[in-house]
Amino acid sequence: MEIELLTVGKTTIKFVNEGIEEYTKRLKHYIPYKITPLPDIKKNASLGAERQKEAEGEMILSKLQNSDYVILLDERGREYTSIEFSSFLEKQMVAGRKKVVFVVGGPYGFSQSVYERADGKVSLSKMTFNHEMVRLFFTEQVYRSMTILRGEPYHHE
């Protein structure tokens, strides 16, 4: 199984990029993992929030394959502990999924068409995080999940 993190916008914060690179490097020993950034649609007064969500949604949908299992990182999604999330990923592997795509939307969230395409939603926290930080937190959690599934000592309960 391959895991892809599809994001709107690039990661520009240096220390966040360094953290993502570190955990992505570690993940190579466990599972194919990649982050695919989409162009950021700059806020434009004439565009409006709804139209921006629609434009981002069109970009997101254009990158998805019919066979992709799509999970939105969304504040209204299901919250998991790290162990529960590792079990969720294991179930996707056992189900024979070729690729699971997790999606981080833009500043206004997702368009209705993206919600309709999604197979599920996951929330990292009830708190709101900078979208760049979410990329690091998520990548670390995927790494943590892989170590949990292998019984390695990275995670402590």
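Which residues is Leu 136 in contact with, leaving aside its neighbours within four places in sequence? Select Leu 136 and find out. The model on screen is a predicted one.

**Stop 1: Leu 136**

Leu 136 sits in helix 5, which spans residues 131-149. Show the side chains around it. Beyond the neighbours within four places in sequence, the contacts of Leu 136 are Val 16, Gly 19, Ile 20 and Tyr 23. Now add Asn 17 and draw a C-alpha to C-alpha distance to Leu 136: it reads 7.7 Å. In sequence, the two are 119 residues apart. Is Leu 136 buried or exposed? Its relative accessible area is 14%. The cut-off for buried is under 20%, so Leu 136 counts as buried.

**Stop 2: the largest pocket**

Next, select Leu 73, Asp 74, Glu 75, Thr 128 and His 131. The largest pocket holds about 460 Å³ of space. It is lined by 23 residues, and the five just selected are the closest to its centre. Colour by element. Strand 3 (69-79), strand 5 (120-123) and helix 5 each give two or more residues to this lining. Strand 3 gives the most, with four residues. Then colour by class. The lining of the largest pocket has eleven nonpolar, seven polar and five charged residues.

**Stop 3: the second largest pocket**

Keep helix 5 in view and move on. The second largest pocket has about 200 Å³ of space. Select its lining: Tyr 80, Thr 81, Ser 82, Phe 85, Val 122, Ser 123, Leu 124, Phe 129, Phe 137, Glu 140 and Gln 141. Which elements give two or more residues to this lining? They are helix 3 (82-94), strand 5 and helix 5. Helix 5 supplies the largest share, three residues. By class, the lining of the second largest pocket splits into six nonpolar, four polar and one charged.

**Stop 4: Glu 56**

Last, go to helix 2, residues 48-62, and select Glu 56. Glu 56 is buried, yet it has no salt bridge. Which side chain of opposite charge is nearest to Glu 56? Add Lys 53: it is that side chain, 8.5 Å away. A salt bridge needs a side-chain nitrogen of Lys or Arg within 4 Å of a carboxyl oxygen of Asp or Glu. Finally, show what surrounds Glu 56. Setting aside neighbours within four places in sequence, Glu 56 is in contact with Val 8, Ile 41, Gly 106, Pro 107 and Gly 109.

Notes:
Residues are numbered from 1 along each chain as its sequence is written. This is a predicted model: local features need pLDDT of at least 70, side-chain atom pairs count only at pLDDT 80 or more; totals for chains, interfaces and linings use all residues. Side-chain values use heavy atoms; hydrogens and water are left out. Buried means under 20% relative accessible area, exposed over 50%, partly exposed in between (1.4 Å probe, protein chains only). Contact means heavy atoms within 4.5 Å. On a 1 Å grid over the protein atoms alone, a cavity is a set of points where a 1.4 Å probe fits but cannot get out, and a pocket is an open set with protein on both sides within 12 Å along at least five of seven lines; lining residues have an atom within 4 Å of a point. Grid points are joined across faces, edges and corners, and a volume is the space filled by probe spheres set on the points. Ala, Val, Leu, Ile, Met, Phe, Trp, Tyr, Cys and Pro count as nonpolar, Asp, Glu, Lys and Arg as charged, and the others, Gly among them, as polar. Lys and Arg count as positive and Asp and Glu as negative; His and the chain ends are not counted.
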